Amino acid sequence: MEKYAVPNKLPAKKISILARRRARISKDKNLAKLREDTRRKILTKKKRNFKKPEAFIMKYLKAERDHRRIERRLLHSKKFEADLPQTSPIVLILRHRTRQVASKHIDKILGQLNLERIHTAVLAKSGPKLAAMLSIIEPYVTWGTPSIHTVRNLIFKKGKLFVNGKLEAIQSNAMIEENLGDLGVICTEDIVHELFTGGENFDKINGRLKTFRMSAPRDGWKKKLNKSFEKGGEYGNRGTAIDDLIDLCM
């Protein structure tokens, strides 16, 4: 082997050809990734800056479509109010569709029900006024009759109270007694009982509770969001089936 040696021409340290190759391959991968990230940022910026002409009039088209739907139901339908359960004094309403509503009338009613954001849920007392409001915002919400188990889960997992102007999760019965003791409510079961039975302090307790912030169903929406539940879609009255939907959105 000595005849193949080249004295005074090789470095003092042993350099592996494979190590150099690995370093070169890693460098090429990092460079390729940097180029791809830069390309995606440029494309994303271009997409944000460009809007199709239809995007400017789509808001007005959607608002007009909602107004026509409300007018058609008001003038030509025998029953304007939405269907509400007769066996329960309360209704659980979930807003499941559209982050921004084009119609100002629908947006106003959603605000009155504290459903300003998508995937929020509220408990409301059943009555003619609520039925008329639901008939107007029907394509954007789904509702039904909750069980006491569902109401309890909402309070335990999603319940939040306004304490000294700040929003805090319900952590103990002492916290409940301090903030709701003037209403005769000293524990979570008292809250569940008042809300589920629609008691005399329902509105006061509901006003001090934060709207329940839910998530999209774990497996996603399986049916069309712009189709009623009775016709195989998602919106509208779903009766006791609201329990299964809320469990998926917890």
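**Reading burial, pairing and surface in a predicted model**

Student: Why is Thr150 called buried?

Tutor: Thr150 has a relative accessibility of 1%, and the word buried is kept for values under 20%, so Thr150 counts as buried. Please keep in mind throughout that this is a predicted model. Thr150 is found in helix α5.

Student: What makes the approach of Thr150 to Asp243 a polar contact?

Tutor: The side chains of Thr150 and Asp243 come to 2.7 Å, and the cut-off for a pair of N or O atoms is 3.5 Å, so the pair qualifies as a polar contact. If residues up to four places away in sequence are not counted, Thr150 touches Leu92 and Ile246 as well as Asp243.

Student: Which other residues of α5 are buried, and what covers them?

Tutor: In α5, which spans residues 148-158, the buried residues are Thr150, Val151, Asn153, Leu154 and Ile155. Their cover includes the strands β1 (90-95), β2 (120-125) and β6 (212-213), together with the helices α7 (188-197) and α9 (242-249). As a general point, an α-helix has 3.6 residues a turn, so residues three or four places apart point the same way.

Student: How do you know whether His96 is buried or exposed?

Tutor: His96 has 1% relative accessibility, and the limit for buried is under 20%, so His96 counts as buried. His96 belongs to the loop between β1 and α3 (104-112). Its side chain reaches the backbone oxygen of Tyr140 at 3.3 Å, a value to be set against the polar-contact limit of 3.5 Å. With neighbours within four places in sequence left aside, the contacts of His96 include Ile118, His119, Pro139, Trp221 and Glu234.

Student: What is notable about the backbone of His119, and is His119 buried or exposed?

Tutor: His119 has a positive phi of about 60° although it is not a glycine. Most residues other than glycine have a negative phi. His119 lies in the loop between α3 and β2, and because its relative accessible area is 14%, it falls under the 20% limit and is buried.

Student: Why is Asn114 called partly exposed?

Tutor: Asn114 has 41% relative accessibility, and partly exposed covers what is neither under 20% nor over 50%, so Asn114 counts as partly exposed. Asn114 also lies in the loop between α3 and β2, and its phi is near 60°, a positive value in a residue other than glycine.

Student: What makes β6 and β7 edge strands?

Tutor: The open sheet has five strands in the order β6-β2-β1-β3-β7, with mixed pairing. There β6 and β7 (236-237) each have a single partner strand, so one side of each is left without a neighbour in the sheet.

Student: How do you know that β2 and β6 count as paired?

Tutor: Two bridges join β2 to β6, and at least two are needed for a pair, so β2 and β6 meet the requirement. These strands run antiparallel, and Thr120 stands opposite Arg213 in β6.

Student: What makes β4 and β5 a pair, and which residues stand opposite each other?

Tutor: Four bridges join β4 (residues 160-163) to β5 (residues 166-169), where at least two are required, so these antiparallel strands pair. Lys160 stands opposite Ala169, and Val163 stands opposite Lys166. The hairpin of β4 and β5 has two residues between the strands, and in it Asn164 takes a positive phi near 55°.

Student: Which residues of β4 lie on its covered face, and which on its uncovered one?

Tutor: Leu161 and Val163 make up the covered face of β4, whereas Lys160 and Phe162 make up the uncovered one. In a regular strand the side chains alternate between the two faces of the sheet.

Student: Why is Tyr60 called exposed?

Tutor: Tyr60 has a relative accessible area of 60%, and exposed requires over 50%, so Tyr60 is exposed. Tyr60 lies in helix α2 (residues 53-76) and forms a nonpolar surface patch with Phe56, Ile57, Met58 and Leu61, whose members together have about 540 Å² of accessible area.

Student: How many residues does the protein have, and what share count as buried?

Tutor: The protein has 250 residues, of which 36% count as buried. It has nine helices and seven strands, and it exposes about 17,300 Å², with carbon and sulfur atoms supplying 53% of that area.

How values were computed: Residues are numbered from 1 along each chain as its sequence is written. This is a predicted model: local features need pLDDT of at least 70, side-chain atom pairs count only at pLDDT 80 or more; totals for chains, interfaces and linings use all residues. Side-chain values use heavy atoms; hydrogens and water are left out. Buried means under 20% relative accessible area, exposed over 50%, partly exposed in between (1.4 Å probe, protein chains only). Contact means heavy atoms within 4.5 Å. A polar contact is a pair of N or O atoms within 3.5 Å; within protein, one must be able to donate a hydrogen and the other to accept it, and residues adjacent in sequence count only if both atoms are side-chain atoms. Accessible areas come from the Shrake-Rupley method with a 1.4 Å probe; for residues, only the protein chains shown count as cover. Patches are made of residues with over 30% relative accessible area and no salt bridge: like charges are joined within 9 Å, nonpolar side chains (Val, Leu, Ile, Met, Phe, Trp, Tyr) within 5 Å. A salt bridge is a side-chain nitrogen of Lys or Arg within 4 Å of a carboxyl oxygen of Asp or Glu.
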